[in-house]
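Visitor: Could you walk me slowly through one part of this model? I would like a close look at a single residue, and then a tour of whatever else helps me read the structure.

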Amino acid sequence: MSPLLLYLSLLLSLITTIISFHHRRRHVISGPPTYPLIGCIISFYKNRRRLLDWYTALLSQSPTNTIVITRLGARRTIVTANPSNVEYILKTNFPNYPKGKPFTDILGDFLGYGIFNVDGDAWRAQRKLVSHEFTARSLKEFFITTLEEEVEKELVPMMESLAETEKAVDLQELLRRLTFNMVCRVSLGVERCCLDPKELGSEKELKEAVGEVHKAVSEMIAIKKEVMGNNNGDDQDLLSRLIAAGYEEVEIRDIVISLIMAGRDTTSAAMTWLFWLLSCHRGMESAVVEEATRAATRMEGLEDMKLLKACLCESMRLYPPVVWDSKHAVVDDLLPDNTPVRAGDRVTYFPYGMGRMEGLWGEDWFEFRPERWFVDNEEKSCELKRVCPYKYPIFQAGPRVCLGKEMAFVQMTYVVASILRRFEIRPVSQKRPVYVPLLTAHMAGGLNVVVKRRCQNKTETS
């Protein structure tokens, strides 16, 4: 080949490469510094102890609020805080974004084939059954009766005792045991633990003893079947309903364990962060106390506690019980913001980061402002906004939206109002708590507080 032809060939190749590069750049979403072969492993390693804030910063800098993470030895991951993408993943193209084998394999030993760990036909069948039971009037009434009993007969007396001594107690653990009792009674029809802090168990023990958990639930199923066979049982709990529906023992066990794990940690974490936030905003706390006192914490008065619900929503915006949720693409796709998705990619929507996007919540996104949840941004309007679930996917959205969302709000509202109306909750430490993003998020080290009886005539200012 002549030198001229060689030169022209190289020039053409260079031009083609540049054009191809710019074409790809139009579809490449922002992300951390990335290099051939190793990807972003250097910056990932540097930020491994602050992934939440690192991802949030990268997302806020991205024009589409979406980033792509590629690193050596890991699956290509798309992280998004874009509501259009979230809606597309959770609803519009739902079939292409199941949890996927990479996720189900991790939790398979513990959750088995429970509703939170399956896809496809198995998920649809369980969803249909559980959805029917969750909407049953009798289960709702049983839930409310159980909640009232747990709060009035167990929690309040415990708080009274703590107020007598003014000894510090881990409020997060106390609330976790309450929610554990609740979900066990409603799901299994049994009482598994008490609320006395000195008898609290270990989270580590629960995670490590998978076989013991399976064995314990299987024994409960056997006992329940025997009781039902003698026609002496109360079929209000979910376990009785699942048995009556004819499900196999392993399927029932996995469904029940999934529901216990979901109900145990999420609402307790949400309430813990709210108590801490209210302790930092005494004026708002006083307003919530006034609202709760007017309603006298009656079940029929829960609907009137609009400010408390706004506080819960605002607390979960800043500190969501579930930090992120990942799906795995079945086939190649293109998200609404033109992010290309490859088959097998992990596609993650990020509630923690979404709650910190200025474009979604304004320049004051970092402030705890329950007023933002009211129409016209005014508490006195007394009308809560209807916020798009894909902008605020705390309870997921679309076909897999949380079935227990309504019950969760009832439980949190009733418990928080019952406590605040009677007691002052004051953190022992003035340090800002650390948010830990595990499968369900929690407050590192718990929330040690001192409980005091509330003086109704006492007013506090922020």
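My starting point is Cys402: where does Cys402 lie?

Guide: Happy to help, and please keep in mind that this is a predicted model. Cys402 is found in the loop that runs between α16 (358-361) and α17 (405-422). In an unreviewed entry, UniProt lists Cys402 under "binding site". Is Cys402 buried or exposed? The answer lies in between: Cys402 has a relative accessible area of 35%, so Cys402 counts as partly exposed, a class that runs from 20% to 50%.

Let us stay with loops for a moment. Glu166 sits in the loop between α7 (137-165) and β3 (169-170), and its phi is near 55°, a positive value in a residue other than glycine. Asn338 also has a positive phi, of about 75°, although Asn338 is not a glycine. You can find Asn338 in the loop between β5 (333-334) and β6 (340-341). Glu166 is partly exposed at 43% relative accessible area, and Asn338 is partly exposed at 37%.

The loop between β1 (66-69) and β2 (77-80) is the place of Leu72, and Arg71 lies there too. Leu72 has a relative accessible area of 47%, which means that Leu72 is partly exposed. Leu72 joins Tyr35, Leu37, Ile41 and Ile42 in a nonpolar patch on the surface, and together these residues have about 500 Å² of accessible area. Arg71 is partly exposed as well, at 30%. If you compare Arg71 with Thr34, the two are 37 residues apart in sequence, and their C-alpha atoms are 8.0 Å apart in space.

For a covered element, turn to helix α8 (residues 171-188). Its 18 residues reach 25 Å from the first C-alpha to the last, close to the 26 Å expected. Helix α8 is mostly covered, with 18 of its 18 residues buried. At the start of α8, a side-chain oxygen of Asp170 comes to within 3.1 Å of the backbone nitrogen of Gln172. Just after α8, Gly189 takes a positive phi of about 75°.

Now for charged side chains. The whole structure holds 24 salt bridges. One of them joins Arg454 and Glu285, at 4.0 Å from N to O. This pair links distant parts of the chain: Arg454 is in the segment after β11 (448-453), while Glu285 is in helix α13 (residues 282-295), 169 residues apart. Both Arg454 and Glu285 are buried.

Helix α13 offers a second pair, Glu290 and Arg294, whose side chains meet in a salt bridge at 3.4 Å, N to O. Glu290 and Arg294 are 4 residues apart in the helix, so about one helical turn separates them. Arg294 is exposed, because its relative accessible area is 56%, over the 50% cut-off.

Finally, look at Arg372, which forms a salt bridge with Asp364, the closest N and O atoms being 3.2 Å apart. Salt bridges that share partners join this pair with Glu314, Arg317, Arg369 and Glu371 into one network. Arg372 counts as buried because its relative accessibility is 7%, under the 20% cut-off.

To return to where you began, Cys402 is in the loop between α16 and α17, and Cys402 is partly exposed.

Methods. Residues numbered from 1 in each chain as written. Predicted model: local features only at pLDDT ≥ 70, side-chain atom pairs only at ≥ 80, totals over all residues. Heavy atoms only, no water. Helix = DSSP H or I, 4+ residues; strand = E, 2+ residues; numbered from the N terminus. Expected span 1.5 Å × (residues − 1). Buried < 20%, exposed > 50% of the residue type's maximum accessible area, 1.4 Å probe, protein only. Polar contact = N/O pair within 3.5 Å; in protein donor to acceptor, adjacent residues only side chain to side chain. UniProt positions renumbered as here; feature names shortened; annotations may be inferred. Patch = residues over 30% accessible without salt bridge, like charges linked within 9 Å, V, L, I, M, F, W, Y side chains within 5 Å. Areas by Shrake-Rupley, 256 points an atom, 1.4 Å probe, with all protein chains shown as cover.
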